[in-house]
Amino acid sequence: YGKAGLASCDAKSSAAGFSTTKSGVDPVYGMGIRLQLMSLTGRLEIEYYDQDQFDDVSMATFSLLYTF
């Protein structure tokens, strides 16, 4: 499956009397696979945050779900 959306970010930092604020709304893309075997489901997802204000971020997650 695939997914797309928007992420809002807001960051504030300060050091030695100086402070900065960065914020924005940037696109998020992702894809994943799902495998179900009886009551057990496994998912593997990869997401990419395309941020202009910060370094780009990618994330991979794996989850298991047992349904009873």
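**View 1. Glu47, a buried acidic residue in strand β3 of the predicted model**. At 12% relative accessibility, Glu47 counts as buried, since buried here means under 20% relative accessible area. The residue is found in strand β3, which spans residues 40–49. When its neighbours within four places in sequence are left aside, the residues in contact with Glu47 are Lys3, Val28, Tyr29, Gly30, Val57, Ser58 and Met59. Within strand β3's own stretch of sequence, a polar contact of 3.3 Å joins the side chain of Glu47 to that of Tyr49.

**View 2. The salt-bridge network of Lys3, Glu45 and Glu47**. The structure holds two salt bridges. In one of them, Lys3 is paired with Glu45, and the closest N and O atoms are 4.0 Å apart. This pair links distant parts of the chain, with Lys3 in strand β1 (residues 2–15) and Glu45 in strand β3, 42 residues apart. Glu47 also forms a salt bridge with Lys3, here with 3.6 Å between the closest N and O atoms. Strand β3, which holds Glu47, and strand β1, which holds Lys3, are again brought together by a pair that links distant parts of the chain, the two residues being 44 residues apart. Salt bridges that share partners thus join Lys3, Glu45 and Glu47 into one network. As for exposure, Lys3 counts as partly exposed at 37% relative accessibility, whereas Glu45 is buried, with a relative accessible area of 16%, and Glu47 is likewise buried, with a value of 12%.

**View 3. Asp26 and its surroundings in strand β2**. Asp26 is found in strand β2, which covers residues 18–37, and it counts as buried at 5% relative accessibility. Leaving aside its neighbours within four places in sequence, Asp26 is in contact with Gly5, Leu6, Ala7 and Cys9, and also with Asp50, Gln51 and Asp52.

**View 4. Gly42 of strand β3 beside Ser63**. The place of Gly42 is in strand β3, where the residue is buried, with a relative accessible area of 15%. Gly42 and Ser63 are 21 residues apart in sequence, yet their C-alpha atoms are 5.7 Å apart in space. Ser63 is also one of the residues in contact with Gly42 when neighbours within four places in sequence are left aside, the others being Ile33, Arg34, Leu35 and Leu64.

**View 5. The aromatic pair of Tyr66 and Phe68**. The count of aromatic pairs comes to one. The rings of Tyr66 and Phe68 have their centres 6.3 Å apart and their planes at 25 degrees, and the pair is therefore stacked, because planes under 30 degrees apart count as stacked. Both partners lie on the exposed side of the accessibility scale, Tyr66 at 56% relative accessibility and Phe68 at 89%. The place of Phe68 is in the segment after β4.

**View 6. A nonpolar patch on the surface**. Ile33, Leu40, Leu44, Phe62, Leu64, Tyr66 and Phe68 form this patch, and together they have about 890 Å² of accessible area. Strands β3 and β4 (57–66) each supply at least two residues of the patch, and the largest share, three residues, comes from β4. Phe68, a further member of the patch, is placed in the segment after β4 and counts as exposed at 89% relative accessibility.

**View 7. Ala16 and Met38, two loop residues with positive phi**. Ala16 is found in the loop between β1 and β2, and its phi is near 50 degrees, a positive value in a residue other than glycine. The residue is exposed, with a relative accessible area of 75%. Met38 lies in the loop between β2 and β3, and its phi, near 55 degrees, is again a positive value in a residue other than glycine. Met38 is exposed as well, with a relative accessible area of 76%.

Notes: Residues are numbered from 1 along each chain as its sequence is written. This is a predicted model: local features need pLDDT of at least 70, side-chain atom pairs count only at pLDDT 80 or more; totals for chains, interfaces and linings use all residues. Side-chain values use heavy atoms; hydrogens and water are left out. Helices (H or I, at least four residues) and strands (E, at least two) are DSSP runs, numbered from the N terminus. Buried means under 20% relative accessible area, exposed over 50%, partly exposed in between (1.4 Å probe, protein chains only). A polar contact is a pair of N or O atoms within 3.5 Å; within protein, one must be able to donate a hydrogen and the other to accept it, and residues adjacent in sequence count only if both atoms are side-chain atoms. Contact means heavy atoms within 4.5 Å. Rings of Phe, Tyr and Trp (its six-membered ring) pair if their centres lie within 6.5 Å; planes under 30 degrees apart count as stacked, over 60 as edge-to-face and the rest as tilted. Patches are made of residues with over 30% relative accessible area and no salt bridge: like charges are joined within 9 Å, nonpolar side chains (Val, Leu, Ile, Met, Phe, Trp, Tyr) within 5 Å. Accessible areas come from the Shrake-Rupley method with a 1.4 Å probe; for residues, only the protein chains shown count as cover. A salt bridge is a side-chain nitrogen of Lys or Arg within 4 Å of a carboxyl oxygen of Asp or Glu.
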